[in-house]
Amino acid sequence: MQIVVATISHTPYAQIICDTIAESSKVRGTGIARRTPEYVISKMEAGNAVIALEGDVFAGFCYIEAWGHEKFIANSGLIVHPDFRGQGLAKKIKGEIFTLSRKRYPEAKIFGITTGLAVMKINSDLGYKPVTFSELTTDESFWKGCQTCKNFDVLTRTEQKMCLCTGMLYDPSKESKSTEKNTVKAPVFNRLKQIKEKLFLKKNK
């Protein structure tokens, strides 16, 4: 298994990347913003993505987005193909894209929003902290990307203050010497997710 910085040579994988993201959203029943092959290719051409390959077979992907004049960075579109799940690959990909983000944008705050418990745990292990949406980027282009998510009505109903996703932030200026001590346990994220689902989904019934 190789996890490398994606380049223009990897553009033939763009369609399967988008298809895998879309299928994952359907299976999990969660909201994942849709991506287009053209958008994925733009990230590859800019050197702002990593791809995992088993020989020539696609295994996983993640890319970098810059917001607010590069003051905020998001590691988005993390996906592992079903044939390679359960092997810890998502954590490895996340580690590689995090390292690339720190290298390319050393002063930027790295953030993400997700409903996935596994992603929350991985982020926590890397030093991210759960935060309110007010601590994330105010760049409207980022939030417009949520329009294709099935939970977008929750975001608009709360005036962009919260959603079923959990916001997480890594601030390099507050980097802890020991991230292990500050790691949030998975049950905490699970409980947070359950509370949000009860709070927002009941209002739709």
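Visitor: Which residues is Asn 75 in contact with, leaving aside its neighbours within four places in sequence?
Guide: They are Cys 62, Tyr 63, Ile 64, Lys 94, Ile 97, Phe 98, Ser 101, Ile 110, Phe 111 and Tyr 128; contact means heavy atoms within 4.5 Å. This is a predicted model, in which local features need pLDDT of at least 70 and side-chain atom pairs count only at pLDDT 80 or more, while totals for chains, interfaces and linings use all residues. Residues are numbered from 1 along each chain as its sequence is written, and side-chain values use heavy atoms, without hydrogens and water.

Visitor: Is Asn 75 buried or exposed?
Guide: Asn 75 counts as buried because its relative accessibility is 8%. Buried means under 20% relative accessible area, exposed over 50%, and partly exposed in between, with a 1.4 Å probe and protein chains only.

Visitor: Which side chains make a polar contact with that of Asn 75?
Guide: The side chain of Ser 101 does so at 2.7 Å, and that of Tyr 128 at 3.4 Å. A polar contact is a pair of N or O atoms within 3.5 Å; within protein, one must be able to donate a hydrogen and the other to accept it, and residues adjacent in sequence count only if both atoms are side-chain atoms.

Visitor: On to the helices. Which residues of helix 3 meet helix 4?
Guide: Ala 90, Lys 91, Lys 94, Gly 95 and Phe 98 in helix 3 meet Ile 122, Asn 123, Asp 125 and Leu 126 in helix 4. Helices are DSSP runs of H or I with at least four residues, numbered from the N terminus.

Conventions. Helix = DSSP H or I, 4+ residues; strand = E, 2+ residues; numbered from the N terminus.
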